[in-house]
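The following exercises ask the reader to work from a predicted model. Each task is followed by a solution in steps.

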Amino acid sequence: MNSAAGLRFLRPCLHHDLSSARKAAYLRFFSTSRSVLDPKPFVARHRIKNLNAFRHPLSKAVEFRGEVQERIEELQAARALEWPRIKSDKHAMRIEEFLVKYHDLQRGEMRAGDFVMLRGRLRSFRIAGKQLVFLDLVQGSRTAQVVLNRARLENFGGVDRKRFKEFYHLIRRGDIMSVYGSPYSTKAGELSINAAELPEILSPSLASLPKALDDRETRIRNRHVDLLVNYSVKDTIRARSLIIQYLRDFLLKDNFLEVQTPVIADKAGGAIAKPFTTVATEFSEKTLALRIAPEIWLKRLIIGGLDRVFEIGPAFRNEGLDATHNPEFTTCEFYKAFADLEDLISMTESLFTGIAKLLTELRQHTLKRLPFVNIDHFQVPFKRIEFLPAVEAGLGQKLPDLSAEDVEEQLINLFKEKELPLPSSPTLPRLLDKLSSIYIEPDCISPTFIIHHPSCMAPLSKSFLCSKTKQLVSARAELFVEKRELANMYEEENSPFSQREKFHQQAKWRDDENRAVVDESYLEALEWGLPPTGGWGCGIDRLVMAFTGAKRISDVLAFGSLRNVVNLGREGAIPVEAKPESGPNSPTSKEAEKKVEV
C-alpha cells in the first residue's frame with residue numbers, strides 16, 4: 001500500500017471524496033494487526049485431521065479421503081478452515097435481484113456510489129494476468145460475474161500482490177462465499193460486481209467438485225453433487241415445484257379447500273393395491289397400514305359439508321419399481337360436489353393446457369436446460385375412446401356378457417384363442433385391464449380420454465347401462481398421454497346399497513395386490529348422504545415426467561426412487577476429481593486462465 005492509499009485508509013475522515021467502504025475492511029485490518037502481535041497457537045499437522053466448531057482437535061481423529069485431507073491442510077495453513085456465521089447486511093441481495101436491478105447499466109459503466117453484497121457458490125473462475133481475476137458466482141438458477149481488480153482492492157482494502165495471489169490459489173470451485181463491491185458492466189456488456197475487497201469464504205468445499213458426472217448410479221447416490229454439476233436435474237426439480245404450485249392455484253381459484261388427511265390408519269382403501277403395514281407403540285396388538293389413496297377420507301369431508309376439497313400429498317403402495325412406478329409417490333386428489341363426468345373432463349383439459357403453456361414459457365426464459373417435449377398436442381378437445389367398443393374392434397369380435405357367472409373362464413379362453421399373454425392373476429378386472437393395455441393404450445399418444453370402463457374396474461364409481469354394448473359400465477375416464485395414464489376421474493358412487501354390493505364383488509377378486517374388504521365405516525358414512533360428486537386423481541410424478549421429458553420416475557424425485565434411497569448409505573461411487581483445481585498443486589497460470597465450467 002503506498003502512502004497516499006494508506007492515509008486514505010487510516011484517515012478516511014480527511015478525504016471527502018472517498019467512497020463509503022465497509023466497516024469490515026477496517027475490522028479485518030485491526031484483526032490482522034492483532035494476530036501479528038498475538039499469533040494463534042500452531043496446530044500440529046497430525047492433529048488437524050478433524051476440528052470441531054471451536055477449532056479444537058476432536059478426541060478421535062476421522063480418516064478423510066486423500067483429497068479432502070489435503071484440502072483441510074491447505075485451508076488450515078491459510079487460516080481459512082472456518083465456517084463463520086453471517087450477519088444481516090443492508091447491502092445483501094439475491095443474485096436474481098442484482099441482475100434485475102442493474103440490468104440497464106451501459107457498457108463500461110460502474111455505479112461507484114452503490115455497494116452490494118452477493119452470496120453464492122463459486123461455479124468457475126479464470127485468471128487474466130496478475131492483476132485481474134474473474135469469478136462466476138451462482139445462487140439458485142442465476143449467475144453473476146465477480147471482477148477482482150487488484151488495484152481497486154489495494155485502494156479499498158490494502159490487498160497486496162502476495163495476498164491477492166494467495167487468494168486465487170486458495171479458492172476452489174464449489175466454495176460458498178460472499179462478495180462486496182459495486183455494480184459494473186464490463187466492456188463486453190456483462191453485468192458484474194466489481195469487488196471492493198477480497199471475497200470471504202463462508203463454507204469451503206472440502207471435496208473436489210467434478211467437471212462432469214455421467215454415471216447414473218453415482219449421480220443418484222450423490223444427488224447433491226448431481227444437482228451442482230448437472231443443471232438440467234435442478235431445472236427438473238424446479239419445474240416439479242412450479243407444476244404443483246400451478247395445480248394448487250388452479251384449484252384454489254375454483255374455491256377448493258386444501259386439506260390433510262391421515263397417512264396411517266387401521267385399513268387402506270380408495271384403490272386396489274397392496275399396502276405397507278406397520279405397528280404403532282400405542283396399538284401394538286393391531287396392524288396398521290399406510291394409505292394407498294386419500295379418497296375415502298376426502299369423500300367423508302364432502303359428506304360433512306365441505307363441498308370442494310383437495311389434497312396434495314404422499315401415498316404408498318407395496319408394489320414393484322419400474323420406470324413409471326415407485327412405492328412412495330405424490331398424488332393430488334380433488335372432490336367436487338355436484339360435478340359430473342363432463343365437468344371433470346372439462347376441468348382436466350383446462351388444467352393440462354394451462355400447464356403446457358406454463359412449461360412453454362419456462363423453457364423460453366428460466367428453465368432452458370429442460371429437454372424438449374412436444375406439448376403442442378395439448379389442444380382441446382382431447383380425443384376420447386370408449387373402452388368396450390375399442391377393445392371389441394381390436395379383437396374383431398364381441399366380448400361376452402361381463403355379468404355372466406362364467407365370464408372369467410370365457411375371457412381366459414379368448415386370451416388363449418388370440419394367443420394373448422394372461423395377467424399373473426386372471427381375475428375379471430385384470431383380464432379387462434390387460435385387453436386395454438393391448439388394444440387401446442398404444443394408440444394414446446396425444447392426450448386421450450379412455451371413457452366408460454366396465455363397472456367391475458371401478459368399484460367406487462357410479463355405473464350405468466351402455467346403450468351401445470348393453471354392458472354395465474362406469475361413469476369414469478382416464479387420461480393417457482404418450483401411452484401413460486396421467487389422471488383418473490369418475491362420478492362417485494353415493495348409494496350405500498350399491499356401494500356395499502360393489503365392495504362384496506371386489507372382495508371376490510382378492511389377490512396379492514387387491515386386499516379389498518367391505519369398509520363398514522365408510523358405508524355407515526354414506527348413510528348420512530354423499531351429494532352427487534365428481535372425484536379426480538393424478539400422480540404428480542408422472543405428470544412432471546410428461547411435461548419435463550424425464551424418462552424415469554427417479555429423475556423427477558429429489559432423491560430418486562426407493563431403490564436409490566435404500567442404497568444411499570452404501571459406500572463407494574463417490575465422485576472425485578483426478579486433480580485439484582487450486583492450492584499448492586494448482587495448474588499453471590496459463591492453464592488457470594481457461595474458464596472452468598461446472
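**Exercise 1. Determine whether I237 is buried, partly exposed or exposed, and describe its surroundings.**

Step 1. The relative accessible area of I237 is 26%, so this residue is classed as partly exposed, given that buried requires under 20% and exposed over 50%.

Step 2. I237 is placed in helix α9, which spans residues 231-253.

Step 3. Setting aside residues up to four places away in sequence, the contacts of I237 are L227, V556, L557 and A558.

Step 4. For one of these partners, L557, the separation in sequence is 320 residues, whereas the C-alpha to C-alpha distance from I237 is 7.4 Å.

**Exercise 2. Classify T236 in the model as buried or exposed, and identify its contacts.**

Step 1. T236 also belongs to helix α9. Its relative accessible area is 9%, and T236 is therefore buried, the limit being under 20%.

Step 2. A polar atom of the T236 side chain lies 3.0 Å from the backbone oxygen of S232.

Step 3. Beyond residues up to four places away in sequence, T236 touches L370, V544, T548, D555 and V556. V556 is likewise among the contacts of I237.

**Exercise 3. Establish the environment of D226.**

Step 1. D226 is located in helix α8, residues 223-229.

Step 2. With a relative accessibility of 0%, D226 counts as buried.

Step 3. The D226 side chain forms a polar contact of 2.6 Å with the side chain of N230.

Step 4. Neighbours within four places in sequence being left aside, D226 contacts L213, R219 and V233.

**Exercise 4. Explain why the buried residues of α6 lie on the same side of the helix, and state what they pack against.**

Step 1. Helix α6 comprises residues 161-170, and its buried residues are F164, F167, Y168 and L170.

Step 2. These residues cover an arc of only 160° around the axis, which places them on the same side of α6.

Step 3. An α-helix has 3.6 residues a turn, so residues three or four places apart point the same way.

Step 4. R161 and K162, on the other side of α6, are exposed.

Step 5. The packing partners of the buried residues of α6 are the helices α3 (66-77) and α5 (150-157), together with the strands β1 (116-127), β2 (132-139), β3 (142-149) and β6 (200-203).

**Exercise 5. Classify the ring pairs F378–F547 and F503–Y522.**

Step 1. The model contains 12 aromatic pairs.

Step 2. In the pair F378 and F547, the ring centres are 4.9 Å apart and the planes meet at 25°, so the pair is stacked; planes must be under 30 degrees apart for this class.

Step 3. F378 occupies the loop between α11 (341-365) and β13 (383-386), while F547 is in helix α17 (residues 540-548); the pair therefore ties together parts that are 169 residues apart in sequence. Both F378 and F547 are buried.

Step 4. For F503 and Y522 the centres are 6.4 Å apart and the planes stand at 65°, so this pair is edge-to-face; that class requires over 60 degrees.

Step 5. F503 lies in helix α15 (residues 496-508) and Y522 in helix α16 (residues 520-526), 19 residues apart. F503 and Y522 are both buried.

Step 6. Ring pairs also join F378 and F547 with F352, F382 and F449 in a cluster.

**Exercise 6. Which ring does K234 lie over, and at what distance from the ring centre?**

Solution. K234 is positioned over the face of Y231, 4.7 Å from the ring centre.

Terms used. Residues numbered from 1 in each chain as written. Predicted model: local features only at pLDDT ≥ 70, side-chain atom pairs only at ≥ 80, totals over all residues. Heavy atoms only, no water. Buried < 20%, exposed > 50% of the residue type's maximum accessible area, 1.4 Å probe, protein only. Helix = DSSP H or I, 4+ residues; strand = E, 2+ residues; numbered from the N terminus. Arc of directions from axis to C-beta. Contact = heavy atoms within 4.5 Å. Phe/Tyr/Trp six-rings, centres within 6.5 Å; stacked < 30°, edge-to-face > 60°. Lys NZ or Arg CZ within 6 Å of the ring centre and 35° of its normal. Polar contact = N/O pair within 3.5 Å; in protein donor to acceptor, adjacent residues only side chain to side chain.
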